[in-house]
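Got your viewer open? Let's take a short walk through this structure, one selection at a time.

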Amino acid sequence: MTGAATGDRLYQLAVTGFALVIPGLLALIAIAIGVAAWPAFSTAGLSFITSSEWNVQAGKFGAAPAIYGTLVSSFIALALATPLAVGVAIFLSEIAPKWLRQPVAFLVDLLAAIPSVVYGLWGIFFLVPMLRDHVVPFLRDTLHLGGTPLFSGPAYGPSMLAAGVILAIMALPYISAVTREVLLAVPRSQRDAALALGATKWEMIRDAVVPYARSGIIGGVILGLGRALGETMAVTMVIGNRPEISASLLAPGYTMASLIANEFTEATSDLHLSALMAVGAVLFVVTLIVNGIARWLVWRVASGPRA
Amino acid sequence: MRETRPIKAANCCDNLVTLGVSGPFVAPYLTASSLQHSLLITTITHRRPRMSRRHIAALAYAALILAAAACTSSEEDDTAATSASRSGSVDLTGAGATFPYPLYSKWFSDYATATGVRINYQSIGSGGGIRQLSEGTVDFGATDGPMTDEELGKAKGGAILHFPTVLGAVAVAYNLPGFQGELRLSGPVVADIFLGNIKKWNDPRIAALNPGVSLPSSDILVVHRSDGSGTTYVFSDYLSAVSPAWARGPGRGKDVAWPTGLGGKGNEGVAGQIKQIPGAIGYVELAYANQNNLPVAAIQNAAGAFIKPSIAAVTAAAAGVAAQLPPDTDYRISIVNSPGAEAYPISSFTWLLLYRQQTDSVKARKLKDFLRWALREGEKQAAALDYAPLPAAMADRLVQRLDSIRIAPAGG
């Protein structure tokens with residue numbers, strides 16, 4: 001009796017300890033980055049996030065292009081990956097014959113296991129030339145999008161678009177795995193009720209299954225977004241690393257994670273190091289804000305009326 | 001106690017798993033690294049009970065592996081550290097430049113075979129080498145660009161000496177489909193290309209340097225390093241020397257604000273992009289241009305001759321400058337745009353860095369012995385590995401300069 005009670009207490013203490021370690025770590029990271037970043041913030045002021053001039057020699061640090069690039073490349077990634085991933089998940093959970101489910105699901109999950117540097121190499125040698133030689137001419141000549149600012153200007157290959165596409169492929173397995181499991185968790189009765197009312201399979205999926213699972217699907221999308229925001233290596237290899245804000249998706253860009261990865265090893269001046277830490281702090285805050293918005297979205301959707 | 005633990009761990013995992021899956025809302029909280037993601041996804045999102053046990057096992061196994069890895073790595077560190085201090089298996093530690101690493105690692109292994117003195121070198125980049133030497137965490141540093149006065153001022157151990165070891169060249173490589181023969185460029189033209197002032201391959205200024213050759217009318221795409229690099233330092237040092245507009249604008253440094261072009265990470269990144277993009281021009285270390293079979297431009301030197309980068313042309317560049325060195329030089333010297341008819345203009349030393357005032361007499365003696373060996377014997381191996389050896393007269397002067405290293409009294 002006493003032994004069991006002691007066990008319970010120990011167990012409780014242990015898991016409480018584990019749980020508290022995480023917020024503690026988060027606080028430590030925030031403090032360490034904040035302290036290291038302070039000199040750069042106090043020197044550059046607000047211009048650190050509004051200025052586009054990143055000039056190490058002149059000691060001027062404006063991270064706006066990197067912030068812009070992180071957000072835009074992640075947004076492209078989600079715009080491409082979400083429909084695809086949700087489609088894959090619906091197919092796997094609702095439509096695919098049983099013998100096909102496991103192999104396809106396994107292969108989609110396998111995408112998450114590929115190291116990002118391998119994605120980067122594949123990007124340099126396959127994706128970037130393919131985009132430049134086939135996709136861009138298609139967008140411009142067949143779809144006549146060349147006149148819009150989004151697809152104007154010279155297309156060298158390494159670009160915001162290339163980064164977005166590669167991030168989409170990397171985020172896809174996360175979104176589809178979560179969505180698939182969430183769809184599988186929709187109760188049988190939900191489906192049966194829809195079918196009993198005379199719904200077709202498509203109507204059943206659209207009106208009964210997906211709405212029931214939507215908060216979980218949004219959760220999956222956010223997980224993919226988290227992956228896209230922080231991805232470094234593959235993006236660095238295909239984005240062109242140019243600290244400039246351009247309306248065209250075919251122009252090279254930069255992301256915060258790439259900026260840090262590129263410059264940290266050779267940063268010797270105190271201000272330069274601090275500026276890189278400040279970029280890290282901004283990335284940290286941007287990620288927190290995006291996650292905050294996402295949680296709010298999940299909460300709003302979850303508390304809304306269900307189908 | 002020990003036997004019951006795994007069961008408890010499994011139970012606790014079971015609870016975590018159930019908790020995690022009770023709502024699909026877990027997802028937003030999970031934005032850590034990719035490996036953890038893939039583990040977590042397969043673990044927490046499976047609801048079907050018959051699946052869960054396997055996944056608990058997987059999670060527990062992963063935790064075990066992580067814990068084991070953590071244990072072994074710290075144990076290894078400990079044993080390495082203690083055995084190093086006890087039996088002297090690692091005598092000297094150094095860190096810095098990646099460019100000379102292939103040669104240095106051959107030197108260190110040959111030197112260990114010859115003398116038994118072991119040297120551990122980490123090629124973490126010039127900036128990292130400077131930082132570590134300044135903090136006193138390594139016995140010597142290595143850099144591709146000389147330390148600035150500001151960096152020297154921050155060194156905790158006092159005055160730092162620069163010892164040139166070998167030389168390297170930065171090649172201007174290009175990708176011009178259908179273009180045969182030798183592309184000739186002058187310093188000011190290269191600078192204007194990298195400033196974005198010359199935008200087409202058939203620009204009159206390029207054509208004037210290449211009479212009788214037909215150049216395409218395509219756009220020039222500049223490719224430069226996106227990461228901080230000694231290669232960038234040498235190249236921007238050269239452009240600053242030959243172009244006032246470059247000196248006033250981007251200037252010289254390991255990271256410069258490029259007016260135009262794409263950034264590639266590492267020599268391999270730049271070489272890869274040049275190879276992939278028709279019309280591209282960029283700068284890489286000579287060895288990378290050779291390995292990737294990239295055509296390289298002949299650059300007009302200070303004497304007016306067009307020289308392609310080669311080991312002989314680089315040593316010639318050093319010889320031209322070395323002959324004019326003052327006796328009290330600190331060897332933080334640039335040899336870009338060197339005089340001499342045979343000199344390749346975008347050449348540079350790479351340096352070893354050490355404190356003038358050594359605190360450990362045993363290490364100081366080993367350092368001096370090694371440097372003497374490197375300057376005498378090591379230089380002979382340089383050419384075989386694509387590095388240009390120092391001019392002989394300069395190597396002799398550097399051996400004499402080793403005497404200026406002072407050793408503090410024992411206990412200091």
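Start by selecting residues 160-184 of chain A, which form helix H6. With 25 residues at 1.5 Å a residue, H6(A) should span 36 Å, and its end C-alpha atoms are 35 Å apart, so the two values agree. Keep in mind as you click around that this is a predicted model.

Stay on the helix and zoom in on Ala171(A). What lies at Ala171(A) in H6(A)? You'll find a kink of about 35 degrees there, shortly before the proline Pro173(A).

Now switch the rest of the structure back on around H6(A). How many of the 25 residues of H6(A) are buried? The count is 23, so this helix is largely enclosed by the rest of the structure. Buried here means under 20% relative accessible area.

Next, select the whole of chain A and colour it by secondary structure. You should see eleven helices and two strands. Trace the chain from the N terminus: two α elements come up, then two β, and from there on the elements are α. Along its principal axes, the C-alpha trace of chain A spans about 70 × 70 × 35 Å.

Try a surface view of chain A. About 14300 Å² is exposed, and carbon and sulfur atoms supply 73% of that area. Of the 307 residues in this chain, 47% are buried. If you show contacts in chain A, look at those with a separation of 6 or more: residues 24 or more positions apart account for 74% of them.

Then colour the charged side chains of chain A. There are 17 positive and 15 negative ones, and the centres of the two sets lie 10 Å apart.

Time to hop over to chain B. Select Asn293(B), in the loop between helix H12 (286-291) and strand S9 (298-300). Its phi is positive, about 55 degrees, although Asn293(B) is not a glycine. Is Asn293(B) buried or exposed? At 67% relative accessibility, Asn293(B) counts as exposed, because the cut-off for exposed is over 50%.

For the last stop, pick Asn337(B), which sits in the loop between helix H13 (311-322) and strand S11 (347-355) of chain B. Here too a residue other than glycine has a positive phi, near 55 degrees. Check the surface at this spot: Asn337(B) has a relative accessible area of 25%, so it is partly exposed.

Methods:
Residues numbered from 1 in each chain as written. Chains lettered and ligands numbered in written order. Predicted model: local features only at pLDDT ≥ 70, side-chain atom pairs only at ≥ 80, totals over all residues. Heavy atoms only, no water. Helix = DSSP H or I, 4+ residues; strand = E, 2+ residues; numbered from the N terminus. Buried < 20%, exposed > 50% of the residue type's maximum accessible area, 1.4 Å probe, protein only. Contact = heavy atoms within 4.5 Å. Areas by Shrake-Rupley, 256 points an atom, 1.4 Å probe, with all protein chains shown as cover. Lys, Arg positive; Asp, Glu negative; His and termini not counted. Charge placed at Lys NZ, Arg CZ, Asp CG, Glu CD. Expected span 1.5 Å × (residues − 1). Bend = angle between axes of the 7 residues up to and from the residue.
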